Amino acid sequence: MIAVLAVTGILAGCASGGAEPSPTRSANPVITPDDAIAQVIAAEARLAGIGPLDTGLIGQSSWYTVEPASGVGAFVARIRIGWGDCPAGCIDEHIWTYAIGPRGEVTLLSEDGPPVPPDAWPTP
């Protein structure tokens with residue numbers, strides 16, 4: 001009996017003490033990869049105008065990928081903006097990685113790269 005109470009107390013403490021990443025936006029339910037990227041763009045309008053990665057396209061400076069995450073109805077989106085000699089693969093790039101929850105929560109997981117110059121942002 002004491003062991004059960006001790007485990008219950010530990011679980012209750014863990015449930016309330018952990019820090020969850022705070023979503024940057026909550027919106028509509030997400031069912032498809034298209035729903036997921038729409039939520040990201042709604043949260044960060046500067047990313048409008050970026051299309052999906054086309055592996056057959058040489059010099060694609062800006063693109064996104066969306067993959068299912070952990071089988072929980074969530075997605076992970078990776079968005080890239082590149083600039084500087086992109087026909088050769090782009091000299092610089094900035095990459096954002098977002099988690100999109102099944103209820104539309106968008107959380108920035110990581111951001112890497114130098115600041116995007118004004119002329120590298122895509123036209124919506």
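This report describes the fold, the nonpolar core, a helix face, an aromatic pair and a disulfide of a predicted model.

**Overall make-up**

The secondary structure of the chain consists of two helices and four strands, and these elements follow one another along the sequence in the pattern α-α-β-β-β-β. Of the 124 residues in the chain, 31% are buried, while the area that the chain exposes comes to about 7700 Å², with carbon and sulfur atoms supplying 60% of that area. When contacts between residues at least 6 apart in sequence are considered, 43% of them join residues at least 24 apart.

**The nonpolar core**

In soluble globular proteins, nonpolar side chains tend to be buried together. In this model the largest nonpolar core has 19 residues, and those with the most contacts inside the core are Val 40, Leu 47, Ile 79, Ile 81, Tyr 98 and Ile 100. Two or more residues each are given to this core by α2 (33-43), β1 (62-69), β2 (74-83) and β3 (92-100), and the largest share, five residues, comes from β2.

Ile 81, one of the core residues named above, can serve as an example of the surroundings: leaving aside residues up to four places away in sequence, Ile 81 touches Leu 47, Ile 50, Ser 61, Ser 62, Asp 92, Glu 93, His 94, Trp 96, Val 116, Ala 120, Trp 121 and Pro 122.

**Helix α2**

An α-helix has 3.6 residues a turn, so residues three or four places apart point the same way. The buried residues of α2 are Ala 36, Ile 37, Gln 39 and Val 40. Because these residues cover an arc of only 150° around the axis, they lie on the same side of α2. The elements that cover the buried residues of α2 include β1, β2, β3 and β4 (106-112).

Ala 38 also lies in helix α2, but this residue has 40% relative accessibility and therefore counts as partly exposed, since buried would require a value under 20%. The C-alpha atom of Ala 38 is separated by 9.9 Å from that of Asn 28, although the two residues are ten residues apart along the chain.

**The aromatic pair**

A pair of aromatic rings is described by the distance of the centres and the angle of the planes. The count of such pairs in this model comes to one, and its members are Trp 96 and Trp 121, whose rings are tilted, with 5.8 Å centre to centre and 40° between the planes. Trp 96 lies in strand β3 and Trp 121 in the segment after β4, so the pair ties together parts that are 25 residues apart in sequence. Both tryptophans are also among the residues that Ile 81 touches.

The relative accessibilities of the two tryptophans are set beside that of Ala 38 below.

| Residue | Relative accessibility | Class |
|---|---|---|
| Trp 96 | 4% | buried |
| Trp 121 | 21% | partly exposed |
| Ala 38 | 40% | partly exposed |

**The disulfide**

The structure holds one disulfide, which is formed by Cys 86 and Cys 90, with their sulfur atoms 2.0 Å apart. The link of Cys 86 and Cys 90 is right-handed, with 115° about the S-S bond, and both of these cysteines are buried.

Conventions. Residues are numbered from 1 along each chain as its sequence is written. This is a predicted model: local features need pLDDT of at least 70, side-chain atom pairs count only at pLDDT 80 or more; totals for chains, interfaces and linings use all residues. Side-chain values use heavy atoms; hydrogens and water are left out. A nonpolar core is a set of buried Ala, Val, Leu, Ile, Met, Phe, Trp, Tyr and Cys residues joined through side-chain atoms within 4.5 Å. Buried means under 20% relative accessible area, exposed over 50%, partly exposed in between (1.4 Å probe, protein chains only). Contact means heavy atoms within 4.5 Å. The arc is that of the directions from the helix axis to the C-beta atoms. Rings of Phe, Tyr and Trp (its six-membered ring) pair if their centres lie within 6.5 Å; planes under 30 degrees apart count as stacked, over 60 as edge-to-face and the rest as tilted. A disulfide is a pair of cysteine sulfur atoms within 2.5 Å. Accessible areas come from the Shrake-Rupley method with a 1.4 Å probe; for residues, only the protein chains shown count as cover.
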